[in-house]
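Open your viewer, keep the selection box handy, and let's take a walk through this model together. Each stop tells you what to select and what you will find there.

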Amino acid sequence: MRILVLNPGSSSLKASVIEPPGRDALAATAIAWGADATRSPDRASAIHAVLRDVAAAGVVRESIAAVGHRVVHGGALHTGPVRVDDAVLGAIDDLEPYAPLHNRIAAETIRAARAALPDAVHVAAFDTAFHAGLPEVAYRYPVPAHWSEAWGVRRYGFHGLSVAWSVTRAAELLGRPSGALRLVVAHLGSGCSVTAVEGGRSVDTSMGMTPIEGLMMGSRSGSIDPGIVLALIREGHATAAQLAEALEHGSGLLGVSGLSSDVRDLLAAEAAGDARARLALAMFTRRAAAGIAAAATCLTGVDAVVFTGGIGEHSGTIRARIVDRLGGIGVAPIVPADVEQDGPISTAAGAPAILRIESREDVVIAEAVAKIAR
C-alpha cells in the first residue's frame with residue numbers, strides 16, 4: 001500500500017511516501033509556510049505542491065491509496081490512530097485552544113488533502129496517543145480535584161510519534177528488546193520535550209495539557225511560574241491573548257536572545273561575542289539537562305539517553321553541553337561532534353548509552369495507516 005504521510009509543522013509541511021513494511025521514502029519533500037504557519041492559511045496550495053513534488057519523484061497521485069496525517073493533540077477521545085471523518089475533524093478543531101500552533105493547521109491540511117485525494121483513505125495519528133497510558137501520578141496536576149474530574153485538566157504529553165520511533169530504533173541499535181529498555185528520549189527542535197520510557201511505555205513526559213509546558217523551546221517559554229501570568233494580568237500589563245502570543249511566539253531562545261529561535265544562528269552569534277545569545281544557549285542546555293535528569297528519576301535505571309529532533313539530531317555542540325551537565329546521574333561526557341547517521345555517540349562502560357536517532361514520525365504513521373486502511 002502506497003501511503004502519503006503529511007506532517008504539518010509550525011513552519012513547514014513535511015511529506016513523504018512510504019510503502020510499509022518498507023521504511024525508505026519513495027519520495028519526500030517539504031513545503032515552507034514561513035516562520036509561523038498559523039499566519040499562512042493556504043493549505044490547498046501546499047498540498048498541490050506536495051503532489052507535484054512527489055510526482056516528479058515518480059509517485060503519481062493515482063497510486064496513493066491512503067494518507068496519514070500527524071495531529072498533535074488528540075485529547076482524551078483519540079488514544080490511537082483513526083480514520084478521518086467529519087466527527088474526527090470536529091474533535092481536532094475543538095482542541096485548537098490546547099495546541100494553537102498545531103491543531104488548526106492539521107485540520108486545515110486534512111481538509112485540503114481530502115479535497116485533493118478524495119478516493120484515498122485518510123487516517124489521523126496523534127502525538128498524544130503514545131502517552132495515553134501515563135500513570136495517574138504522572139498525568140494528574142496538583143490542583144483541585146474537580147479541575148481534573150469536571151474540566152479535564154491533566155497531562156497529555158506530545159511528540160509521541162517521535163518517541164515511539166526512538167524506542168523502536170534504540171532497540172535495534174542496542175540489540176535489545178524495546179520492552180527491556182529504560183530510556184530517556186529528548187526530542188529537541190523548535191518544540192522540545194523529554195519522555196521517560198520503561199517497558200516500551202511512556203511513564204513520564206515534560207509537556208503537559210498543552211505543548212507549552214516543560215523545556216525551554218525555540219519561541220515557546222516552557223514552564224514558568226504561573227504567578228507571573230496571574231500578576232501580569234492582574235496588574236494590567238497584558239491581556240490573556242497578548243500573553244498567549246508572547247509565550248507561544250516570542251519566548252524561549254528567541255525571547256531571551258532577541259535574535260533568533262534557531263540554534264545555528266545563536267551559536268554563530270555566541271562565537272562572535274553576543275552575550276544574549278550565550279545566555280539563551282546556556283539557559284536552553286541547563287533546562288534540557290534538568291529535564292533529562294528529572295525523567296531519569298521516574299525510571300528504575302537508565303540504559304540510554306536518546307537525542308532526536310532537529311537540534312538533538314544535528315547539533316553536536318548542544319548535545320555535548322547538555323551531556324556535560326549529566327554527570328550527576330552517571331552519564332559520561334561526549335565529544336561535541338556532528339553526527340549524520342543513527343547510532344551510539346557514547347557507550348562508556350557502566351554509563352547510559354548516548355544515542356543519536358533521526359526522527360521518523362513518517363514511518364510510525366505509515367505503519368499505523370497500513371493497519372487501519374487495509
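The tour below goes from the N-terminal part of the chain onwards, with a few stops at loops and helix contacts. Keep in mind that this is a predicted model.

**Stop 1: a cis bond in a loop**

Select Pro20 and Pro21 and display the backbone. The peptide bond joining Pro20 and Pro21 is cis, with omega at about 10°. Pro21 belongs to the loop that runs between β2 (12-18) and β3 (27-32). As background for this stop, most peptide bonds are trans.

**Stop 2: Ala27 and its surroundings**

Follow that loop into β3 and pick Ala27, which is part of this strand. Is Ala27 buried or exposed? Its relative accessible area is 5%, so Ala27 is buried. Now add Val17 to the selection: it is 10 residues away from Ala27 along the chain, and the two C-alpha atoms are separated by 5.3 Å. Setting aside neighbours within four places in sequence, the contacts of Ala27 are Ala15, Ser16, Val17, Val54, Ala57 and Val59.

**Stop 3: helix α1**

One of those contacts, Val54, is also among the buried residues of α1, so let us select the helix next. α1 has 14 residues and spans 20 Å from first to last C-alpha, close to the 20 Å expected at 1.5 Å a residue. Colour Arg43, Ala46, Ile47, Ala49, Val50, Leu51 and Val54: these are its buried residues. They pack against β1, β2, β3 and α3. Beyond the end of the helix, check the backbone of Gly58, which follows α1 and has a positive phi, near 105°.

**Stop 4: helix α3**

Move on to α3 (residues 103-116), one of the elements that the buried residues of α1 pack against. This helix has 14 residues, and its end-to-end C-alpha reach of 20 Å is close to the 20 Å expected at 1.5 Å a residue. Which residues of α3 are buried? They are Asn103, Ile105, Ala106, Ala107, Thr109, Ile110, Ala112, Ala113 and Ala116. Show their surroundings and you will see them packing against β1 (3-8), β2, α1 (43-56), β4 (66-71), α2 (86-94) and β6 (121-126).

**Stop 5: Ala138 and the rings around Arg154**

Jump to helix α4 (residues 136-139), where you will find Ala138. Its relative accessibility is 7%, which means that Ala138 counts as buried. Val203 lies 65 residues from Ala138 along the chain, yet their C-alpha atoms are separated by 7.1 Å. Not counting residues up to four places away in sequence, Ala138 touches Arg155, Val203 and Asp204.

Next, select Arg154 together with Tyr139 and Tyr156. Arg154 lies over the face of Tyr139, at 4.0 Å from the ring centre. The charged end of Arg154 also sits over the ring of Tyr156, 5.1 Å from the centre of that ring. For ring-to-ring pairs, a search of the whole structure finds one aromatic pair.

**Stop 6: His159 and helix α6**

Now pick His159, in the loop between α5 (145-151) and α6. Its phi is positive, near 60°, in a residue other than glycine. For context, most residues other than glycine have a negative phi. His159 has a relative accessible area of 8% and is therefore buried.

Extend the selection to α6 (residues 160-174). It has 15 residues and reaches 21 Å from its first C-alpha to its last, close to the 21 Å expected at 1.5 Å a residue. The buried residues in α6 include Gly160, Leu161, Val163, Trp165 and Val167. Just after α6, Gly175 takes a positive phi of about 65°.

**Stop 7: two crossings of helices**

Keep α6 on screen and add helix α14 (residues 361-373): their axes are 8 Å apart and the packing angle is about 95°. The two helices, α6 and α14, are therefore roughly perpendicular to each other. At this crossing, Leu161, Ser162, Ala164 and Trp165 of α6 meet Glu361, Val363, Val364 and Ile365 of α14.

Finish with helix α10 (residues 263-271) and helix α13 (residues 316-324), whose axes come within 10 Å and cross at roughly 80°. α10 and α13 are therefore roughly perpendicular to each other. Val263, Leu267 and Glu270 of α10 make the contact with Thr317, Ile318 and Arg321 of α13.

Definitions and conventions. Residues numbered from 1 in each chain as written. Predicted model: local features only at pLDDT ≥ 70, side-chain atom pairs only at ≥ 80, totals over all residues. Heavy atoms only, no water. Phe/Tyr/Trp six-rings, centres within 6.5 Å; stacked < 30°, edge-to-face > 60°. Lys NZ or Arg CZ within 6 Å of the ring centre and 35° of its normal. Helix = DSSP H or I, 4+ residues; strand = E, 2+ residues; numbered from the N terminus. Expected span 1.5 Å × (residues − 1). Buried < 20%, exposed > 50% of the residue type's maximum accessible area, 1.4 Å probe, protein only. Axes fitted to C-alpha atoms, helices over the stretch in contact; angles between N-to-C directions. Parallel < 35°, antiparallel > 145°, perpendicular 65-115°, else oblique. Contact = heavy atoms within 4.5 Å.
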